[in-house]
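Look over the sequence and the model before reading on. The walk starts at a single residue and widens from there.

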Amino acid sequence: MNWMGLLQQFGRSLMMPMIALPAAAILLRLGAFPWEALGWTQFGDLLTYAGMTVFTYLPYIFAVGVALGLSESAGIAGMSALVGYFVYDRVTQFFIPAGFELGVTSGIVIGIMSAVLFHKFKEIQFPEYIQFFGGPRFVLLIMCFASFLFSFLVVQIGPYVQTGLRDLSGLLLGMGGFGTFLYGMMHRLLVPSGLHYILNNIVWFQTGTYERWDGSIVNGDLPRFFTGDPSAGIFMAGLYPTMMFALPAIAFAIIHEAREDLKPKVKATFLTAALSSFLTGVTEPIEFAFLFVAPYLFVVHALLSGISMWITYALDIHHGFAFSAGAIDYLLNYHLSTNGWMLLPIGLAYGALYYVLFRWAIRRFQIPTPGREEGSALDDWAGDIPYRAPLILQALGGKENIVRIEACITRLRLTLANDREMDVATLRHLGAAGVITLGGGNVQVVFGTFSELIREEIVKTMRKDPRVVLFRAPVAGRMIPLEEVSDPVFAAKIVGDGVAFLPERGELLAPAAGKVTHLFPTAHAIGLATAEGLEVLLHIGIDSSQVEGAFEAHVREGETVQPGQLLISFDLGRLRKHAKSVATPMVITNSERVKAWSYAPFKAVRKGQASVMSVTLKEDPTDVNRA
């Protein structure tokens, strides 16, 4: 059994119900305004009541959210969880004394039960005369009975379970500042694997108990904070200095240590990442910039995050959030905080510490953070997602290699049939901040907040199943737009459309499988025909045909070649001296066959690097007149 894959999916399913909490926080903040001064006292009360309703029914939200998250968003699983929780809630309230409340724990269990029953019975078949109740519909029926059995079990042992959970909660709370330190450190260490959602759920929704004015019981640091418990917020307050100040400081350190020629792109990318961390608490794009190249620095970061939690606990700071520890949540929920203002000077001090520490470490240990090397992955392609998705799909091993694809806030979560077919270098070239292989085909690819959009485009591409031809880099060097070639014929795309390369080594490789249809006598250019009927021209240099003795062909006309096979070797030094330019166009001369073009970023590429360009063929290859 692939436990890591199950934990990954479970962690993501726990995140889904959290989406409702920011709305509740906004309603509560609006309800706290002095509406009575306008004579609208009832309106303020309505806003507050509406916000509190989300927390009151949080177990229901978790039941449905977990069921959907574990069943690939199957509606019948979500509905079964909702009905199941209604059964559980009414039975336990009637047969267990007042004061019993398992909180979101019961909702999570109901959600898991619904998802398990969905996967087990979604294809069940009955005799034809009762088949109406077969298939996914049976899940709703069986869930009612399963929920009743679970309710019966809870009626018998529920109070003991509740006592056990409260004892564990008391143990963590009894650890005081050291307990918050452990949580803060483990929270950061689990971020790369995505399992921090499970830890967060335990601390935020299980730790601590508070009885409201109406006698109802609220569990967890987060719900208790929003329902007015003055002791709540100790497991959230310490995250503000890290997310609002420390991580943005790392972004500024990376910018200031970047090479001057790459600094503009680095600045644009990491200023956005810093602003995202400061405002919303989304930190992964910054953390993954140094996680893989300096893991020891990430451990230091985790320790400092834990210390931040301990400091805020020692200073009796209580603050919370509905989404994450960003400035928006800080301001939105400040009215519920205790000593919340202290987080600002602490954060400024933490920001200064992180900035100095990371600038020193990057320079002292020559850490290749983005902008310090030619191949740095830079996220500057928000509008290019529909065109890059086919390339990302191919880098993941193609449609056939994807068993499951999901996305959370900052990363794609995938189960691959064979993770060895994934091209990590190409994914980084296409903008991935990091790639995490967890075993059993489970992979996470961090694309930042674009991840959900990328997933949608990949799913669209998989559903369309278009005829796509992918091309590798024929040379090592820099890929440039065809318009930048210093030849009007190529630049105007008169010969055909495509891209060009500025080679750094004297080897030309086959960009795709095909047949050599033409080899110029001087060997400065070669034509290939792919199995799909595309005619590809590779032209080494501009005005290079007169440079005698600079080229040596390694294939013959009529020969079949494979991707990455050496076609021509050439003297790059002589070309630079005698040719007009070393720019090497790769064009499709019958580009009327192409419906859509996709390009990887125009920057440095490796020899034979996969997925630098892809083309989608028109559905009817005989129709070259329609656009």
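Start at Val-615. Setting aside neighbours within four places in sequence, this residue touches Arg-467, Val-468, Val-469, Phe-471, Leu-534, Ile-588, Val-594, Ala-596 and Trp-597. The model is a predicted one, and every contact here is computed from it.

What holds those partners in place around Val-615? Part of the answer is strand pairing. Val-469 stands opposite Val-615 in β20. Strand β7, residues 468–471, runs antiparallel to β20, and four bridges join the two. Trp-597 is also a bridge partner of Val-615. Strand β18, residues 594–599, pairs with β20 over five bridges, again in the antiparallel sense.

Now take β20 itself. The strand covers residues 613–617, and five of its five residues are buried. Is the cover on one face or on both? Both faces are covered. Met-613, Val-615 and Leu-617 are buried on one side. Ser-614 and Thr-616 are buried on the other.

Two of these strand residues also stand out in the nonpolar interior. The largest nonpolar core has 68 residues. Met-613 and Val-615 are among those with the most contacts inside it, along with Val-445, Ile-458, Phe-471 and Ile-526. Which helix gives the most to this core? Helix α17, residues 385–395, does, with six residues. A second core, separate from this one, has 48 residues. Leu-21, Leu-28, Tyr-183 and Leu-195 are included in that second core.

Stay with α17. Eight of its eleven residues are buried, so the helix is largely enclosed by the rest of the structure. The buried residues are Ile-385, Arg-388, Ala-389, Pro-390, Leu-391, Ile-392, Leu-393 and Ala-395. A helix has 3.6 residues a turn in the α form, so residues three or four places apart point the same way. What do the buried residues of α17 pack against? Their partners include three strands already met, β7, β18 and β20. They also pack against β3 (402–407), α18 (424–429) and α19 (451–464). Just after the helix, Gly-397 takes a positive phi of about 105 degrees.

Next, turn to a loop residue. Ser-545 lies between β13 (535–539) and β14 (551–553). Its relative accessible area is 28%, so Ser-545 counts as partly exposed. Beyond neighbours within four places in sequence, Ser-545 is in contact with Thr-522 and His-524. How far does Ser-545 lie from Phe-148? The two are 82 Å apart in space, C-alpha to C-alpha, and 397 residues apart in sequence.

Finally, step back to the whole chain. Its C-alpha trace spans about 95 × 70 × 50 Å along the principal axes. The secondary structure comes to 21 helices and 20 strands. Of the 627 residues, 54% count as buried. Take the contacts between residues at least 6 apart in sequence: 71% of them join residues at least 24 apart. The contact of Val-615 with Val-469 is one across the β7 and β20 pairing.

The outside can be described too. The chain exposes about 27,400 Å², and carbon and sulfur atoms supply 62% of that area. The chain carries 47 positive and 51 negative charges. How far apart are their mean positions? The two mean positions are 3 Å apart.

Methods:
Residues numbered from 1 in each chain as written. Predicted model: local features only at pLDDT ≥ 70, side-chain atom pairs only at ≥ 80, totals over all residues. Heavy atoms only, no water. Buried < 20%, exposed > 50% of the residue type's maximum accessible area, 1.4 Å probe, protein only. Contact = heavy atoms within 4.5 Å. Areas by Shrake-Rupley, 256 points an atom, 1.4 Å probe, with all protein chains shown as cover. Lys, Arg positive; Asp, Glu negative; His and termini not counted. Charge placed at Lys NZ, Arg CZ, Asp CG, Glu CD. Pairing = 2+ DSSP bridges. Core = buried A, V, L, I, M, F, W, Y, C linked by side-chain atoms within 4.5 Å.
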